[in-house]
Amino acid sequence: MKTGIVWFRQDLRLSDNPALRAACKECDLIVPLFVAEPGSQSVANLGAASKVWLHHSLRALKDSLEARGSTLLFLEGDAEELIAAVAQFFKADALYWNRCYDPAAIKRDKKIKKQLQQLNPKSFNALLNEEPWNTVKADGTAYKVFTPYWNARTKSLPGEKPLAAPSTIACSEQIRGLVNSRQKSRQKKLPLKHLDQLSLLPKLTWHEPMMSGWTAGENGAKRTLDAFLKKNASDYKQYRDIPSVDGTSRLSTHLHFGEISPRTVFYKLLNGRRDVSELNEGEHTFAKEVIWREFAYSLLFHFPHTITKPLNEKFANFPWESRYGKHLRAWQTGQTGVPIVDAGMRQLYATGWMHNRVRMIVGSYLVKNLLIPWQEGERWFRDTLLDADLASNVMGWQWVAGSGADAAPYFRVFNPVLQGEKFDAKAEYVKQWVPELRNVELRYIHKPWELTSAQKRSLNYPEPLVDLKQSRQRALMSYDRIK
Ligand SMILES: Cc1cc2nc3c(=O)[nH]c(=O)nc-3n(C[C@H](O)[C@H](O)[C@H](O)COP(=O)(O)OP(=O)(O)OC[C@H]3O[C@@H](n4cnc5c(N)ncnc54)[C@H](O)[C@@H]3O)c2cc1C
């Protein structure tokens, strides 16, 4: 009788889960496990919004496992110690997991592989379509520019066929009984927790409206992908930049938590077509975006220091503003006086998500017009985005700041008024999130500071924190000091 532990991490699904699949093939009994760990990059360090999603995603995973005759054990603490305790308790012979790529997880996993050799730990790729070490330049170094990376990747798309979910997952009465009991005796040997005891949900109920538009978990992910492919994929190129239109997939959080695999995304997107060259324009653009995510993972893997430090070293001495608390707070709460920026920041706070075009606009405003270090923006997004993802968030912020891979040149400062007029031409997005401006004439809505004093007084909307022209000039002068 062989017993295998499957340690779930960023792979909260049953379909196309190679670790689970291998365990089901090689073992007679499976112990599915989730560990809430303290420390950096782990549950303890997740942002508040991510924790909420994780709670719902774990519940969905537990339900799916139970529907197949199994269950999910929850533990809290040091993963190595707890996995050793679980292995001893169930007399397990084997350990399976799917890989994570952030430096802290890599370090932890290497240590566990060494320390728990008796379990012959096996790891698999489930989070990406391709391992980051497989796509490098001819000289063996990592890509820093997207287009050649994309060209190199197109050859291997769609990749392997996704694995089906196991129809049953062998589980013993002992395992199920343990999860369902609240016996003190089992707590001594194995400090199992109930999902609610992991404290992922905050005490206040702010998260309930935030989650109302989302369905965490594998089924929600599949439905989201199917609906997007059916309704929006072909028009993706046309509408992906319009924040008032639901033109993007909204798959990012599902992908982050591994509720759906990128292999499945590509397999369904291609739908029998040979490769990406056969996709229509919208689908092709979407495929590229999904590979941007893999590019971000490649950068994180090859340049892990970029989590906190600029990839382009000359930005290490960039003369950021030093006393920016008030401006940062105004940005976070959507009170900058720049309508499209405030709309984005309020959408983020209310829904845990912000449209990509607006992420670029609010990012540029923070680092260029307010001269606030990109790390502050990265931190706020990490706390408030449901899809907060170390790789994509760091790459996004370094791109905005001009210090990252394939970055927007620093001297290209987004003008939020022109961006608003171009991508929110009828101001539908601004009107939705900044209701104070609903009755403002369209020609002023993206620049309400041009209204008369009397009109402005009636709005109850803040004056801009900084003058856009002057702050742009100041940003360019700051850049001149490091270039
Ligand atoms: C400053 C900044 C911070 C960001 N932080 C994050 C983050 O923490 N987590 C995150 O998933 N994305 C992040 N992004 C990228 C992008 O904004 C989101 O992935 C996208 O808005 C999610 O919406 P969607 O699923 O509808 O995307 P779609 O447009 O439907 O794209 C499909 C998928 O491709 C991937 N993708 C798309 N654009 C990018 C991109 N620029 N970089 C990396 N992957 C991409 C995502 O997985 C996305 O789900 C950030 C972008 C910026 C500019």
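**View 1. Two domains share the shell around the ligand.** Domain 2 (128-161 + 218-302) gives at least three residues to this shell. Domain 3 (313-480) also gives at least three. The model shown is predicted.

**View 2. The ligand sits in the largest pocket.** Four elements each give two or more residues to the shell around the ligand. They are α11 (252-256), α13 (281-302), α16 (356-369) and α18 (390-401).

**View 3. A shell of 26 residues surrounds the ligand.** Look for the closest ones: Tyr236, Thr248, Ser249, Arg250 and Asn356. Sorted by class, the shell has 13 nonpolar residues. Seven others are polar, and six are charged.

**View 4. Backbone atoms of Arg250 and Leu251 lie close to ligand oxygen atoms.** For Arg250, a backbone N or O atom is 2.6 Å from an oxygen atom of the ligand. Arg250 is also listed among the closest residues of the shell. For Leu251, a backbone N or O atom is 2.9 Å from an oxygen atom of the ligand.

**View 5. The side chain of Trp353 makes a polar contact with the ligand.** Here an N or O atom of the Trp353 side chain lies 3.4 Å from a ligand oxygen atom. Now consider the ligand as a whole. On its own, the ligand has 810 Å² of accessible area. The protein covers 95% of that area.

Terms used: Residues numbered from 1 in each chain as written. Predicted model: local features only at pLDDT ≥ 70, side-chain atom pairs only at ≥ 80, totals over all residues. Heavy atoms only, no water. Near = heavy atom within 4 Å. Polar contact = N/O pair within 3.5 Å; in protein donor to acceptor, adjacent residues only side chain to side chain. Areas by Shrake-Rupley, 256 points an atom, 1.4 Å probe, with all protein chains shown as cover. 1 Å grid on protein atoms, 1.4 Å probe; cavity = no way out; pocket = protein on both sides within 12 Å on 5 of 7 lines; lining within 4 Å. Sits in = over half its atoms within 2 Å of the grid points. Nonpolar A, V, L, I, M, F, W, Y, C, P; charged D, E, K, R; others polar. Domains from an automatic or database assignment.
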